[in-house]
Amino acid sequence: MHRLFITALACVINLSLCGQNCVSVPQIGTATGNTDGLCSPAQVSFQIFNFSENDPSTIYVVDFGDGYIESFNHPPPPSVEHSYITTCGYTSPNGSVNSIAFTVTASNGCGTSQGMIDPIRIHLAPNPIISGP
């Protein structure tokens, strides 16, 4: 660990650096179309943006919310796709019932930032039983 001491006007600021030469906390953003009430199976594309100025040491973790996770070194792809079957029985981080959330996290030695899409709600197709004479 490196320590940087700055003295100005009798004030001492002690900054701890984690051995990284990064410039700032990474930035990240994400967007997609409508994700609430899609019919199964649903192929959803998520845009990833606002990362171009991030430090080359930045790692990106994409969590699709259903147990599938991908990691990327800098720079991440501009978009990722995922196929969803159902979100029944899940509750998203924002408390939406029968839904999940998509998150992309950018991390380096200076910190972590996260973008989120919540809710993602995928419905199973109905399976009607028709009977009659």
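Me: Hi! How many salt bridges does the structure hold?
Reply: Hi! It holds one salt bridge, meaning a side-chain nitrogen of Lys or Arg within 4 Å of a carboxyl oxygen of Asp or Glu. Keep in mind that this is a predicted model, where local features need pLDDT of at least 70 and side-chain atom pairs count only at pLDDT 80 or more, while totals for chains, interfaces and linings use all residues. Residues are numbered from 1 along each chain as its sequence is written, and side-chain values use heavy atoms, with hydrogens and water left out.

Me: Which side chains meet in that salt bridge?
Reply: Those of R121 and D36, at 2.7 Å from N to O. The pair links distant parts of the chain, 85 residues apart: R121 sits in strand β10 (residues 111-123) and D36 in strand β4 (residues 36-39). Strands here are DSSP runs of E, at least two residues long, and helices are runs of H or I of at least four, numbered from the N terminus.

Me: Is R121 buried or exposed?
Reply: R121 counts as buried, at 16% relative accessibility. Buried means under 20% relative accessible area, exposed means over 50%, and partly exposed is in between, using a 1.4 Å probe and protein chains only. Its partner D36 is partly exposed, with 36%.

Me: What order do the strands of the five-stranded sheet have?
Reply: The order is β4-β10-β9-β6-β7, in an open sheet with mixed pairing. The edges are β4 and β7 (69-73); each has a single partner strand, so one side of each is left without a neighbour in the sheet. Neighbouring strands are turned by 25 degrees against each other on average, direction ignored. For such angles, axes are lines fitted to C-alpha atoms (for helices, over the stretch in contact), and values run from 0 to 180 degrees between N-to-C directions.

Me: And in which sense do β4 and β10 pair?
Reply: Parallel, over three bridges; two strands pair if DSSP finds at least two bridges between them. Within that pairing, C39 has H123 in β10 as its bridge partner. Strand β9 (residues 100-108), on the other hand, pairs with β10 in the antiparallel sense over eight bridges. There T103 stands opposite M116, and T105 stands opposite Q114. A hairpin through two residues joins β9 to β10.

Me: Cysteines next. How many disulfides does a search of the whole structure find?
Reply: Zero, taking a disulfide as a pair of cysteine sulfur atoms within 2.5 Å. As for accessibility, C39 is exposed at 59%, and C88 counts as partly exposed at 43%.

Me: What about the three-stranded sheet, which strands stand at its edges?
Reply: That open sheet runs β3-β5-β8 with antiparallel pairing. Its edges are β3 (29-31) and β8, each with a single partner strand, so one side of each lacks a neighbour in the sheet. The twist averages 25 degrees from one strand to the next. Six bridges join β5 to β8, and Q43 has S83 in β8 as its bridge partner.

Me: Loops now. Where is N54 found?
Reply: N54 is in the loop between β5 (42-49) and β6 (59-63). N54 is buried, with a relative accessible area of 8%. Leaving out residues up to four places away in sequence, N54 touches P26, Q27, Y60, H74 and A106; contact means heavy atoms within 4.5 Å.

Me: Which residues does T91 touch?
Reply: S96, V97 and S99, not counting residues up to four places away in sequence. T91 lies in the loop between β8 (79-84) and β9, and T91 is exposed, at 53% relative accessible area. The C-alpha atoms of T91 and P119 are separated by 9.0 Å, with their positions 28 residues apart along the chain.

Me: Last one: what is the mean pLDDT of the chain?
Reply: It is 86, and 83% of the residues reach 70 or more; pLDDT is the predictor's confidence in each residue, from 0 to 100.

Me: Over which residues does pLDDT stay under 50?
Reply: Residues 1-19, for which the model has 21 contacts beyond four places in sequence. Where pLDDT is low, the predicted coordinates should not be read in detail.
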